[in-house]
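I opened the model to make notes on its internal space, its aromatic rings and one of its sheets. The entries below follow the order in which I looked things up.

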Amino acid sequence: MQRVRITLALLVVGAVGVAAPFAIAAIGGGSSSSKVVTIKVTAKEFKFVLSKRTVPKGTTVIFKVKNTGKIEHDFKIAGKKTKLLKPGQSATLKVVFKKKGKFGYVCTVKGHAAVGMKGTFGVGVTPPRVTTTQTTTTATTATTATTATTPVSCTSPTTTVNVSMVEYRFVLSQSSVPAGCIQFNIKNDGQVQHNFSLVGIKAGAIIGPGATETWAVQLTAGSKNYTCDVPFHDSFGMNGALTVT
């Protein structure tokens, strides 16, 4: 009986000694957490610049997005999107890429993707090269030309016109005014930046949502065209004509 007990004890110790290395190996060889990579995203008119455009499958990416442009932008990828960023603002977006493939990124502000604010991010694959368009230069030049006018200002308004700016149109309190000193009370009731510009006469400041502006100019009889100088807003419908009698 004594010999049987000793033999069983030795068998148990031996079994533990053999199993221990496997237990240690199992602990040491467990799956590790996904790799975390930080990628800087610069948004401006009208493109994105990413510090890195490809990562391995299973990577968690922290996109640090900054708007270095002059108008509002956002950044969307893999179903996630930043808030609308004003010039100078930043935001962080965390995305876990579990599958291999190509993922599109884009600015969701109307018209921005069409002129270059889009691209492809690669996960385990090489993304296509980013290309630019010629539309950007044309739009920027047109804006500069409009805002370079010299207004005929006045200080004793005879008529006041209230101007509401929304996406993408103007609402004026009156469409016809008598010639003279006209004061414009302008408010941005939209969700993105706009301005009110009397073509060839006065270009108002580009203002953000909820902001207001007031100025007065001397107007002679005739039809006076107005527009929004923010790129592409005119083509979306932000224009019209004021009749001066």
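**Cavity**

I began with the largest cavity and listed its lining, which is made up of Ile71, Glu72, Val109, His112, Val192, Gln193, Val230 and His233. I keep in mind that this is a predicted model. Sorting the lining residues of the largest cavity by character, I noted four nonpolar, three polar and one charged. For the space inside the largest cavity I wrote down about 50 Å³, and with the limit set at 30 Å³ or more the count comes to one cavity.

**Aromatic pairs**

Next I turned to the rings, and for the structure I recorded 16 aromatic pairs. I looked at phenylalanine 63 and phenylalanine 75, whose ring centres are 5.5 Å apart with the planes at 50 degrees, so I entered the pair as tilted; the label of edge-to-face would need planes over 60 degrees apart. Where do phenylalanine 63 and phenylalanine 75 lie? I found phenylalanine 63 in strand S4 (residues 59–67) and phenylalanine 75 in the loop between S4 and strand S5 (76–77), so this pair ties together parts that are 12 residues apart in sequence. Are phenylalanine 63 and phenylalanine 75 buried or exposed? I noted both phenylalanine 63 and phenylalanine 75 as buried.

I then went to phenylalanine 184 and phenylalanine 196, an aromatic pair that is tilted, with 5.4 Å from centre to centre and 40 degrees between the planes. Here phenylalanine 184 sits in strand S13 (residues 180–188) and phenylalanine 196 in the loop between S13 and strand S14 (197–198), and the pair links distant parts of the chain, 12 residues apart. I entered both phenylalanine 184 and phenylalanine 196 as buried.

Going back to phenylalanine 63 and phenylalanine 75, I saw that they belong to one aromatic cluster, which is formed by Phe48, Phe63, Phe75, Phe97, Phe103, Tyr105 and Phe121.

**The sheet with S13**

Because strand S13 had come up with phenylalanine 184, I followed S13 into its sheet. In which order do the strands of this open sheet run? I wrote down S11-S10-S13-S16, four strands with mixed pairing. At the edges I found strand S11 (169–172) and strand S16 (212–219), each of which pairs on one side only. From one strand to the next, the twist averages 25 degrees.

Last, I looked at how strand S10 (residues 159–166) meets S13, and noted that they pair in the parallel sense over seven bridges. To fix the register, I recorded that threonine 159 stands opposite isoleucine 182 in S13.

Technical notes: Residues numbered from 1 in each chain as written. Predicted model: local features only at pLDDT ≥ 70, side-chain atom pairs only at ≥ 80, totals over all residues. Heavy atoms only, no water. 1 Å grid on protein atoms, 1.4 Å probe; cavity = no way out; pocket = protein on both sides within 12 Å on 5 of 7 lines; lining within 4 Å. Points joined across faces, edges and corners; volume = space filled by probe spheres on them. Nonpolar A, V, L, I, M, F, W, Y, C, P; charged D, E, K, R; others polar. Phe/Tyr/Trp six-rings, centres within 6.5 Å; stacked < 30°, edge-to-face > 60°. Helix = DSSP H or I, 4+ residues; strand = E, 2+ residues; numbered from the N terminus. Buried < 20%, exposed > 50% of the residue type's maximum accessible area, 1.4 Å probe, protein only. Pairing = 2+ DSSP bridges. Axes fitted to C-alpha atoms, helices over the stretch in contact; angles between N-to-C directions.
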